Amino acid sequence: MADASKRDRSNSIATPNGHPSPPNNDGGALRTQQVADTQNIESMDSQYGLDPHKNKSGGGISGPRNHNFNSNTADRSVSSSTREHSPAVEPPVTKTTLSELDVNKIVNNPKLRHDINFDPDLHFRPNLDGEKGRRKTQRANDFWNTMKAQLRSYIMNRDQFEKELPIDGEWCLPSTLKAIRGILETLVPQRDRASVEDTFNVDLLMQQFRKGVADLEKLALWLSQLLKCHCAPMRDNWVDEMVTQLSNGDRNGDVQLLVAGMQNLLGVLEAMKLDVANHQIRCLRPLLIEDTVHFEQKFFMKKIALGRVDIAGAHAWFRRASSLPDILSIEGTAHTQGNTWDFIKALVHLILPSRSSEMVPHTFLFDEERLIKLRSDMLDLINLEICMYLFRNLDAQCRLQESLNSIPDDTPTTSSLVTSRPASPTNDSILSLATLPETRHFSDSRTKHLSQERGQFIRDPGGRQVWVPRVKESHIVSSATSSPRSSPSSTASTPDTSPPTAFSLSQSFTDSASQVRTSLLDILSSSTTNDKWVALAPALGLQILRSTTTPLSHLPQFESHLAFHLSNSRSRVYQDAEARVLSQLAPSLLKLIETYTPLTSLQIFEGATTPRTLPGTAVPQINGVKEEITEIATRIAHIGILHWRVWAPLAYLVDPDVEEDPEAQSERAKNKP
């Protein structure tokens, strides 16, 4: 075995990121226009999926796995006469199943080339998602179980076993050896291929098996040296385990270990191929991104010519954009951005949860998942705004009530009226001088209306007029009333405590609202269901109520009130919240559109995907809403600008009813402002 310190690492491939399968956020699927033969856009039954999500914990396939993958022809028998009874003899991982990871397949995969624009961590992973992935895993397990049974029969009675083989004599062991040989030839450089041809000669190995002289331990050591020269160092332990299993299985005649060793060998080869493919994606990314518009226009022009993409519906959708309500009302935008801003408005309109019933143009077929996520995130922002609106209203009512309770009652009591008057003279003919009014009773300070002296009307966050009492300076300096957040029976406040007024609530209210929003986000992060807002409405209502001094006896009514408004586009509160979110979104979105328009595709990618905060740096919660708005605006601008550049000359700025060569129409559309 080669010394690890002397290995040639010149061909070592960097480890890819991990491949978790995150749950889908809620928000509902998009309704896309159905077009004949749409599936031909991606007709390949992919064995490997693209994972756009980060995983900081580790890289790629990091160790032995029991998850195996079957090719599209795994259930095909080797003989038509025994088609229904012969077990599958093709291994789950072969040169054919890995061919989609070849560089020529990568550069010609339109979906991959589009997705690579939006995620700097995009990488291949084994496609084991859903029911199809479960069936692949089951077929792979069936193959390895078949191999165990065949090896036991082969060892017990070789002649009888070979007589029962199909006409072509194919069975699991030689099929697996051929698959290993084919994959090795695609992984090793030219200088090592001669060694593979000489050492891993499948026909010679099968002859040695028949004669009982095959030295699997020696073969495993040779494989170990070869693989460690070309795989990432993190695969070394996996390779060592494979060597141990093959060596012990051969030495002890343990079929279980032999099959496990073969399984791990194919697993290592598959991981190496994934490493190579992901390395190629990282290296080719700048070139692929820069060529996105040209490549996609060329690709879709062929589809349009074949009638497989509906540009008439997309054109009509864009034409309707000018008549849409100006939900992103900003002065001057129509003149500075022209058709681009009209398209962006239509795109924002499309991702609003309240417009979920609207048909999505077929031109967005590569962006469907991103639009679903945007719609879901918009729903989260709107529902959070509803929660905070109801909290502000509830908190304002509580503070108002506490303020009214804290006003000192200066109305004279009956006893004070009696004792404050001087005793009547014993002589009824003498008047009491104390009952005569004095000059001070007619001073200017008493000419104010009583209501103006004691307070004023202001508008609460909901737009309603509420009465707020006016507190005297002397009362602010020394108050013996209850704390605004305490019950009427609590102890007296300190001299620094001032009753809540319209002017003293701002800072404390902002801090309180920030804390409430953080607690609501924590509750939402605990759910992974598609209907999290429905499921968590009671918990959110309780948290909002507990953040005020409202008695818990009001909880059922408040929960019902909250549940009615959440995700309900017919609710006036929902509509107002949506309008507030859009009013915050518009300035950021316009600024980004103006910034991205003159940039290249690669420059937009770098600007849109570069982290805005350093790792480990906490973003102040007071700016949480602004950060969320900016993040959504960035995604909309990135998707919108790239989409507009591809489709404006193909669908939006051309009339599909006019008989004209598609290339001529496209060229004419590019010259439009």
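Buried means under 20% relative accessible area, exposed over 50%, and partly exposed in between (1.4 Å probe, protein chains only). Before you start: this is a predicted model, where local features need pLDDT of at least 70, side-chain atom pairs count only at pLDDT 80 or more, and totals for chains, interfaces and linings use all residues. Residues are numbered from 1 along each chain as its sequence is written, and side-chain values use heavy atoms, leaving out hydrogens and water.

**Exercise 1.** Work out whether Phe299 is buried or exposed, and do the same for Phe295.

*Solution.*
- Step 1: Phe299 has a relative accessible area of 17%, so Phe299 is buried.
- Step 2: Phe295 comes in at 14%, so Phe295 is buried too.

**Exercise 2.** Classify the aromatic pair of Phe295 and Phe299, then that of Tyr154 and Phe161.

*Solution.*
- Step 1: Grab the rule: rings of Phe, Tyr and Trp (its six-membered ring) pair if their centres lie within 6.5 Å; planes under 30 degrees apart are stacked, over 60 edge-to-face, and the rest tilted.
- Step 2: For Phe295 and Phe299, the centres are 6.5 Å apart with 10° between the planes, giving a stacked pair.
- Step 3: Tyr154 and Phe161 have ring centres 5.8 Å apart and planes at 85°, so this pair is edge-to-face.

**Exercise 3.** Find what lies over the face of Phe295.

*Solution.*
- Step 1: A charge counts as over a ring if NZ of Lys or CZ of Arg is within 6 Å of the ring centre and within 35 degrees of the ring normal.
- Step 2: Arg113 fits, at 3.9 Å from the ring centre of Phe295.

**Exercise 4.** Name the residues that ring pairs link to Phe343 in a cluster.

*Solution.* The cluster joins Phe343 with Trp317, Phe318, Phe364, Trp644 and Tyr652.
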